[in-house]
Amino acid sequence: MYTKLYGLILSGGKSTRMGSDKGLIDYHGVPQREYLYKLAQTVCEKTFLSIRSEQETELGSEYNYIIDKNEYKGPLNGILSAHKEYPKVAWLVLACDLPLLNQSTIAQLVTNRNLDAYATASATVKTRLPEPLVAIWEPLGLQHAVEHMKTAQSSCPRKFLINSDTQLVFPENDEELYNANSLEEYEFAKTKVEK
């Protein structure tokens, strides 16, 4: 049975390594969170920004958003906060620190979505490891993640997906999954973004 697909742009992190909000960095002529929000809107029935409560005042009315509930550490906090709000939908989760992510990568993920898996995740050919923050998380997978977090030693979403039924999808170019978390990585990403 088809499950609705909603988009979630993770933009509630503190960006301590970068020194400024990664969601507000401009790689494509607009803040990165806005760029990803618009990409997700092309394939999702509804899209949301995942934010901290203090970020609410800086958002315009054109954005749907979900405030992190602070029940978990790391990115699972935003993902499971969204799941709590809408437990019956699947979530296309995108981290805001992926400047080289493009429309074709997201379309490929949606086209290859496995409704019977816990998640369909992008992965690089080099590592062959699931990228949980460029992934479609199915409701069943999220329910299991909630259960997993009750006893887990680690809040790492990648570890959860490695040990779960996860469909891997490989983008055309590994660099599409490049994370920019520091100023050095930002400078590298800027040289790669197509003008």
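Two strands count as paired here if DSSP finds at least two bridges between them. Keep that in mind for this predicted model, since strand pairing is where we'll start. In that sense, alanine 123 has proline 130 of strand β6 as its bridge partner. That one contact is a handy way into the middle of the fold.

Zoom out a little first. The protein has 6 helices and 7 strands, and along the sequence they come in the pattern β-α-β-β-α-β-α-β-β-α-α-β-α. The radius of gyration is 15 Å, close to the 16 Å that the globule rule gives for 195 residues, so the protein is as compact as a globular protein of that length. Along its principal axes, the C-alpha trace spans about 40 × 40 × 35 Å. Of the 195 residues, 50% count as buried. The chain also makes plenty of long-range contacts: among those between residues at least 6 apart in sequence, 69% join residues at least 24 apart. As for the outside, the accessible surface comes to about 9800 Å², and 49% of that belongs to carbon and sulfur atoms.

Now back to β5, which covers residues 119–123. How many of its residues are buried? The count is 5 of 5. Side chains in a regular strand alternate between the two faces of the sheet. In β5, Ala119, Ala121 and Ala123 sit on one side, with Thr120 and Ser122 on the other, and both faces are covered.

What does β5 pair with? On the β6 side (residues 130–137), the pairing is antiparallel and runs over 5 bridges. The hairpin made by these two strands has 6 residues between them, and arginine 128 there takes a positive phi near 55°. The other partner is strand β7 (residues 166–169), which runs parallel to β5 and is joined to it by 4 bridges. Over there, threonine 120 has glutamine 167 as its bridge partner.

Next, look at what packs against these strands. Helix α3 spans residues 103–111, and its buried residues include Thr105, Ile106 and Leu109. These three cover an arc of only 95° around the axis, which puts them on the same side of α3. The buried residues of this helix pack against β5, β6 and β7, and also against α1 (32–41) and β4 (90–95).

The charged residues are worth a tour of their own. Side chains of opposite charge can pair when their charged atoms come close. The structure holds 5 salt bridges, and three make good stops.

Start with glutamate 138 and arginine 113, whose closest N and O atoms are 2.7 Å apart. Glutamate 138 lies in the loop between β6 and α4 (139–151) and arginine 113 in the loop between α3 and β5, so the pair ties together parts that are 25 residues apart in sequence. Are these two buried or exposed? Buried means under 20% relative accessible area, so glutamate 138 qualifies at 2%, and arginine 113 does too at 13%.

The second stop is glutamate 131, back in strand β6. Its salt bridge is with arginine 158, at 3.4 Å between the closest N and O atoms. This pair also links distant parts of the chain, with arginine 158 in helix α5 (residues 157–162), 27 residues from glutamate 131. Glutamate 131 counts as buried at 10% relative accessibility, while arginine 158 is partly exposed at 30%. Leaving out residues up to four places away in sequence, glutamate 131 touches Ala121 and Ser122 as well as Arg158, Leu177 and Asn179. Two of those names bring us back to β5, where Ala121 lies on one side and Ser122 on the other.

The last stop is a local pair. Glutamate 147 and lysine 150 meet in a salt bridge at 3.0 Å, N to O. Both lie in helix α4, 3 residues apart, which is about one turn of the helix. How covered are they? Glutamate 147 counts as partly exposed at 46% relative accessibility, and lysine 150 counts as exposed at 60%.

Terms used:
Residues numbered from 1 in each chain as written. Predicted model: local features only at pLDDT ≥ 70, side-chain atom pairs only at ≥ 80, totals over all residues. Heavy atoms only, no water. Buried < 20%, exposed > 50% of the residue type's maximum accessible area, 1.4 Å probe, protein only. Arc of directions from axis to C-beta. Contact = heavy atoms within 4.5 Å. Salt bridge = Lys/Arg side-chain N within 4 Å of Asp/Glu carboxyl O. Rg over C-alpha atoms; globule rule 2.2 N^0.38 Å. Areas by Shrake-Rupley, 256 points an atom, 1.4 Å probe, with all protein chains shown as cover.
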